[in-house]
Amino acid sequence: MNANLGEWLGIDADIFQFVVLPLLIFLARILDVSVNTLRIIFMLHGNKLLAPILGFFEALIWLIAIGQIFQNMGSVFTYLAYAGGFGMGVLVGMLIEEKLAIGKVVIRVITQKPDDNLISYLSEKGLRYSNLKADSNTGKVNILFTVVSRDHLKATLDTIRRFNPQAYYTVEGVKKVSDEDVVSPSIYAKSTNVNGM
């Protein structure tokens with residue numbers, strides 16, 4: 001069948017088997033694993049429509065790729081293409097996930113003293129936050145929690161670093177929040193002057 005496909009495309013049988021077919025398997029695996037990443041993202045965010053559709057195409061692409069492997073069991077190039085495509089697919093999936101920035105995250109900011117400037121900033125922007133006093137191995141600390149959309153994460157972290165470069169912070173994904181309007185899309189407009197509070 002592969003020889004027929006190569007002939008139909010006007011490609012020499014050896015070139016098709018050792019170059020074109022491994023390249024097609026490599027590309028199929030990149031697509032398959034990238035779709036898998038998206039499916040998991042949508043599944044974790046409870047999207048009951050897109051997750052199953054992506055699962056269907058993920059399985060279909062995988063079956064086509066593995067079918068070609070079984071038809072060419074003697075070719076080490078197809079094995080390398082399959083494994084290489086998987087590795088590259090993981091990277092592409094991660095890049096896609098970063099660009100999509102779907103969902104919300106909770107940011108924990110830990111400082112030695114209450115960060116009044118940051119608290120004022122969050123209040124002015126209408127962001128919800130919780131501010132707690134706590135003990136650590138270095139003494140008393142202040143912990144500030146806020147929830148933001150992932151597409152506003154970078155701007156929020158830039159603001160935290162601007163107000164308190166020594167602040168220790170962590171970021172964690174959140175599946176669901178009670179108030180979906182956590183962040184107003186306009187609060188991080190380029191015209192915002194964080195120093196002019």
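Among contacts in the chain between residues at least 6 apart in sequence, what percentage join residues at least 24 apart? In this predicted model, the share of such contacts that link residues at least 24 apart comes to 73%. The chain has 197 residues, of which 35% are buried, and its secondary structure consists of six helices and four strands. Followed along the sequence, these elements are arranged in the pattern α-α-α-α-β-α-β-β-α-β.

The packing of helices α2 and α4 was examined next. Two packed helices are described by the angle between their axes and by the distance between those axes. For α2 and α4, the angle is about 35° and the axes are 6 Å apart, and the crossing of the two helices is right-handed. The residues that form the contact of α2 with α4 comprise 18 that are nonpolar, seven that are polar and two that are charged.

Individual residues of the two helices illustrate this arrangement. Helix α2 spans residues 13–44 and includes Leu23, which is classed as partly exposed because its relative accessible area is 48%, a value that falls between the limits of 20% and 50%. Although Leu23 and Phe77 are 54 residues apart along the chain, their C-alpha atoms are separated by 9.2 Å. Thr78 is located in helix α4, which covers residues 76–100, and this threonine counts as buried because its relative accessibility is 0%, where the limit for a buried residue is under 20%. The side chain of Thr78 reaches the backbone oxygen of Ser75 at 2.8 Å. When neighbours within four places in sequence are left aside, Thr78 is in contact with Leu21, Pro22, Ile25, Ile69 and Asn72.

The buried nonpolar residues were then considered as cores. The largest nonpolar core contains 15 residues, and those with the most contacts inside it are Ile107, Val109, Leu118, Leu122, Leu144 and Ile160. At least two residues of this core are supplied by each of β1 (104–111), α5 (116–124), β3 (139–149) and α6 (153–163). Apart from this core lies another, made up of ten residues, including Phe16, Ala65, Ala81 and Tyr82. Within the largest core, Val109 is one of the residues with the most contacts; when residues up to four places away in sequence are not counted, Val109 touches Leu118, Asn142, Ile143, Leu144, Ile160, Ala167, Tyr168 and Tyr169.

Terms used:
Residues are numbered from 1 along each chain as its sequence is written. This is a predicted model: local features need pLDDT of at least 70, side-chain atom pairs count only at pLDDT 80 or more; totals for chains, interfaces and linings use all residues. Side-chain values use heavy atoms; hydrogens and water are left out. Buried means under 20% relative accessible area, exposed over 50%, partly exposed in between (1.4 Å probe, protein chains only). A polar contact is a pair of N or O atoms within 3.5 Å; within protein, one must be able to donate a hydrogen and the other to accept it, and residues adjacent in sequence count only if both atoms are side-chain atoms. Contact means heavy atoms within 4.5 Å. Axes are lines fitted to C-alpha atoms, for helices over the stretch in contact, and angles run from 0 to 180 degrees between N-to-C directions. A crossing is left-handed if the near helix is turned anticlockwise from the far one by less than a right angle, and right-handed if clockwise. Ala, Val, Leu, Ile, Met, Phe, Trp, Tyr, Cys and Pro count as nonpolar, Asp, Glu, Lys and Arg as charged, and the others, Gly among them, as polar. A nonpolar core is a set of buried Ala, Val, Leu, Ile, Met, Phe, Trp, Tyr and Cys residues joined through side-chain atoms within 4.5 Å.
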